[in-house]
Amino acid sequence: FQGSAGSAVVLAESAAIFTDGRYTLQLREQVSADDWQYVAVPASNVARWLGEHAPAGGRIGYDPWLHTSAWVADARAKGATVETVNPANEDFAGSNARKMPLHIVRNATDDMIVMQEELFGPILPVRRYTNIDSAIAEVNRRDRPLGLYYYGPDESERRTV
């Protein structure tokens with residue numbers, strides 16, 4: 001699938017591909033319904049589908065290294081300050097586990113991949129705004145905004161968001 005936003009889940013007995021309405025036609029042209037169940041997001045999601053299809057007690061694996069480490073490197077190269085959150089001081093590089101610590105990307109700019117792609121790994125781009133209206137305008141100016149999360153004490157601003 002060549003769309004820019006989608007997820008796939010493969011189990012022993014079934015497989016599904018998740019995308020939103022922007023890619024409905026493209027998905028059906030590029031991915032065989034003989035092998036994949038098409039799942040519309042947000043009507044459903046990966047967690048719900050797994051709850052309905054994964055075996056009880058089964059293990060689910062996710063590999064954040066498929067794309068996210070390169071995206072962090074891209075942000076650093078373009079001037080972002082990247083804070084790695086690792087309070088247990090784990091050795092992620094030396095372990096055999098495919099884990100990645102949380103990366104907080106400060107001063108993220110539009111030219112960084114982390115601001116252009118949907119993130120599924122432990123990466124949190126952070127941008128500052130002078131007021132709530134400018135934050136909302138920033139989200140709304142994008143072709144495919146994913147969300148705006150408000151963390152603050154002002155009840156009026158919370159309602160506005």
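# Strands, a histidine and two cores

Trainee: Which elements make a right-handed β-α-β unit in this model?
Mentor: The model is a predicted one. In it, a right-handed β-α-β unit is made by three elements: strand S2, helix H1 (residues 24–30) and strand S3.

Trainee: How many bridges pair S2 with S3?
Mentor: Strand S3 covers residues 37–40, and S2 pairs with it in the parallel sense. One facing pair is Phe 18, opposite Val 39 in S3. The number of bridges between S2 and S3 is 4.

Trainee: Do S1 and S2 run parallel or antiparallel?
Mentor: Strand S1 (residues 7–10) is joined to S2 by 4 bridges. A hairpin leads from S1 to S2 through 4 residues, and Val 10 stands opposite Ala 15 in S2. The two strands run antiparallel.

Trainee: How many residues of S2 are buried?
Mentor: Side chains in a regular strand alternate between the two faces of the sheet, so each face can be checked in turn. On one side of S2, Ala 15, Ile 17 and Thr 19 are buried, and on the other Ala 16 and Phe 18 are buried. S2 is therefore largely enclosed by the rest of the structure, and the count of buried residues is 5 of the 5.

Trainee: Is His 103 buried or exposed?
Mentor: His 103 lies in strand S5 (residues 102–106). Buried means under 20% relative accessible area. The value for His 103 is 8%, so His 103 is buried.

Trainee: Which residue has its backbone oxygen 2.9 Å from a polar atom of the side chain of His 103?
Mentor: Setting aside neighbours within four places in sequence, the contacts of His 103 include Val 72, Arg 76, Glu 83 and Ile 123. The backbone oxygen in question belongs to a residue outside that list, Pro 101.

Trainee: Which helix gives the largest share of the largest nonpolar core?
Mentor: Nonpolar side chains tend to be buried together in soluble globular proteins. The largest nonpolar core here has 12 residues in all, among them Trp 71, Val 72, Ala 75, Val 105 and Ile 123. Its largest share is 3 residues, and they come from helix H3 (residues 68–77).

Trainee: How many residues make up the other core, the one with Leu 11 and Phe 18?
Mentor: This other core lies apart from the largest one. Among its residues are Leu 11, Phe 18, Val 39 and Leu 50. Phe 18 and Val 39 also stand opposite each other in S2 and S3. The size of this other core is 7 residues.

Methods. Residues numbered from 1 in each chain as written. Predicted model: local features only at pLDDT ≥ 70, side-chain atom pairs only at ≥ 80, totals over all residues. Heavy atoms only, no water. Buried < 20%, exposed > 50% of the residue type's maximum accessible area, 1.4 Å probe, protein only. Polar contact = N/O pair within 3.5 Å; in protein donor to acceptor, adjacent residues only side chain to side chain. Contact = heavy atoms within 4.5 Å. Pairing = 2+ DSSP bridges. Right-handed = clockwise from strand over helix to strand, strands pointing away. Core = buried A, V, L, I, M, F, W, Y, C linked by side-chain atoms within 4.5 Å.
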